[in-house]
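Q: Hey, could you walk me through this one? I'm new to reading structures.

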Amino acid sequence: MLYKLAWQSLLHRRTTALLTIFSIAIGMMIMLSIHHIQQQTKQGFTNTLSETDLIVGARSGPINLLLYSVFRIGSASNNISWDSYKTIKRHKNVRWTIPLSLGDSHQGYRVIGTSEDYFTYYRYGQKQALAFAEGQPFSGVYDAVLGAEVAKKLGYTLDQKIVLSHGVAKVSFTHHDDKPFTVVGILAPTGTPVDQSIHISLAGMEAIHIDWQRGVPVAGIGSGLKISAEEALTKDLTPKNITAFLVGLDNKMMTFRLQRAINDYSKEALMAVLPGVVLSELWQIMGGVEKALAFIALLVIVASLLGMVTMMLSTLQQRQRELAVLRAIGAPPWFMFCLIQLEVLLLTLAGLIAGTLLLWLGMLVAQPIIQDNYGLLIESNPISYTNLLYGSGILGIALLMACIPAFAAYRQSLGQGLTARA
Amino acid sequence: MTNTLSINIEQLRFHWKNKNTSNSAVLDIPQWHVQQGESIFLHGPSGSGKSTLLNLIGGILSPTEGKVTLLDTDIHQLSSTQKDRFRAKNIGVIFQQFNLVPYLSVLDNIRLGQQFSGAKYDLSRIQDLCNSLNLTIDLLHQKANQLSTGQQQRVAMIRALYHRPPLIIADEPTSALDTDTRDEFIQLLLQEGQQNNCTVLFVSHDKPLATHFDRSVALGEINHAV
Ligand SMILES: Nc1ncnc2c1ncn2[C@@H]1O[C@H](COP(=O)(O)OP(=O)(O)OP(=O)(O)O)[C@@H](O)[C@H]1O
Ligand SMILES: [Mg+2]
């Protein structure tokens, strides 16, 4: 009966009730989304790289190096020379390396110049290797291997001819249209930035820039200095430099020693970082922002809960008659207390559920956007153990705050005579 | 059984605690009793303390001094929860207006009273009461606030009568009704009361209504407070 009373009472005031639910839902959504997105991106980032012991690039910020080499975010300020790369590759503790040469794109998707070792040694998630959905690794200079999303979004299949563009902006005005590439392989989806990448050989990367210097074509269109695709094949296509490379070691114990050796490398300013260490640095930076956002979200929730409590308190005035009726037919004062508490419980619960559903919908919308921009596949279902914990915490706060109007109802009905004073 | 006392008031004094202006009592009733099954018409000028007396009898207010005994129970010896339970079980309450929880259906309003009183649910009894009070059965599923005032008062009567309480107290239940509806209401109330051997304590300042009742009492006669 108490439940029916609470439910009918809320139905009776459905506009106010809906608004209250809505404001709680928004608070809840913000709170959960901050937590959820942060958790999912963390997981996404962590899942992107596995088994790589060191990332080596030109000396700059460690986070910057990690972001551009692995997550295709931002760009390198400097390259490293092919000689340095070869020297480190030959180091006795190094089991494998994956060279990365960045800077070009196709329809906004980044192009990576690399070696066949990429397909052999790259690991993501739980030590998973890359798999081919179709075709095979590149072998020719003008061969390309597409990430799963690239092929899907652009509708490309094997043997498709693609023209790469200079630079990594979405819209590029300089195209390497004299040297088109052929799709020879398409990778299976990984849920990492690999899906958003186009892979070509280092020789291919060298070939399209052979008549370029310092990022611009050496000669204008139609000038005799242009080198055709066929002509380029006859030249020496050994790269002069690369952007970064990943290193796998025989023995993990050697990681720090090799890192120090690379950092002290005399011929060039190099930097080696441990991906795990840099990621935790990144989380530390994000942690502050995250805490600030979570605090704001908490304030939003508390504000909406306060709104609800105020609403409850102010409707008590209108509900005086109703309380008098209940009192007259023998409802004890604690019955009113429970009635108010139950109404708050229902409102908050509805708000929490609505907020979660809103977030879910929001995540369904945001999922492809995040994947397009960061290559991270995030889970759209926000229901997790921690979020349930948050939900019950909020419920607890709501019930605690509801004691104010509930106790007011209790007091009011105690002092309430059998006649409703209108 | 006929000379059982329904209401027995002894040396009752009451004054509002929060009234700092006057310390004088609103009520000072040395002695008053009502036999079981009597119908009493209690009248008196506005502000004389009629509602206050009903609240004392209903166990909502506690007397400053003295005793209120209902059916051999000194109600102010009971704990507040016991008082609430006693009221639910033994007293049917009807008041001026707004007797019902507006957002509940008529049936739910009646059931609410039934549940607090601890009586069994019996739809046929509700239907019987509806019939004798000229309420159509399909009104039962309407929301209480969609009923006319007269209909609402009759629903309140059904709720008050349903569990056959030995005492019904009514505080100006007819003041919002027109003359015809009012007379019909009082007739029905007294008739149902008689059938259930129920004491009816009816408060109003509309003196002509007194003719319907066994006994008419002016509050001034029993109340010695100035
Ligand atoms: N909650 C209250 N707190 C303080 N004083 C009150 C309260 N309720 C009533 N009174 C005072 O008690 C006195 C009696 O009031 P009561 O309501 O019992 O009169 P009444 O006879 O029922 O009047 P009416 O015929 O207008 O309903 C009045 O002087 C009134 O001001
Ligand atoms: Mg009164």
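A: Sure, one term up front: a polar contact is a pair of N or O atoms within 3.5 Å; within protein, one must be able to donate a hydrogen and the other to accept it, and residues adjacent in sequence count only if both atoms are side-chain atoms. This is a predicted model, so local features need pLDDT of at least 70 and side-chain atom pairs count only at pLDDT 80 or more, while totals for chains, interfaces and linings use all residues. Residues are numbered from 1 along each chain, chains are lettered from A and ligands numbered from 1 as written, and side-chain values use heavy atoms, without hydrogens and water.

Q: Okay, how far is ligand 1 from the side chain of B:Thr52?

A: An N or O atom of that B:Thr52 side chain sits 2.5 Å from an oxygen atom of ligand 1. With B:Gly47, a backbone N or O atom is 2.8 Å from a ligand oxygen.

Q: How many residues surround ligand 1?

A: 15 (each with a heavy atom within 4 Å of it), and B:Lys50 and B:Ser51 are among the closest. They come from chains A and B, so the site is shared between chains.

Q: Switching topic: where's A:Ser33?

A: A:Ser33 is in helix H2, residues 14-48 of chain A; a helix here is a DSSP run of H or I with at least four residues, numbered from the N terminus.

Q: Buried or exposed?

A: A:Ser33 is buried, at 16% relative accessible area (buried means under 20%, exposed over 50%, partly exposed in between, with a 1.4 Å probe and protein chains only).

Q: And what polar atom lies 2.9 Å from its side chain?

A: The backbone oxygen of A:Ile30, 2.9 Å from a polar atom of the A:Ser33 side chain.

Note on methods. Helix = DSSP H or I, 4+ residues; strand = E, 2+ residues; numbered from the N terminus.
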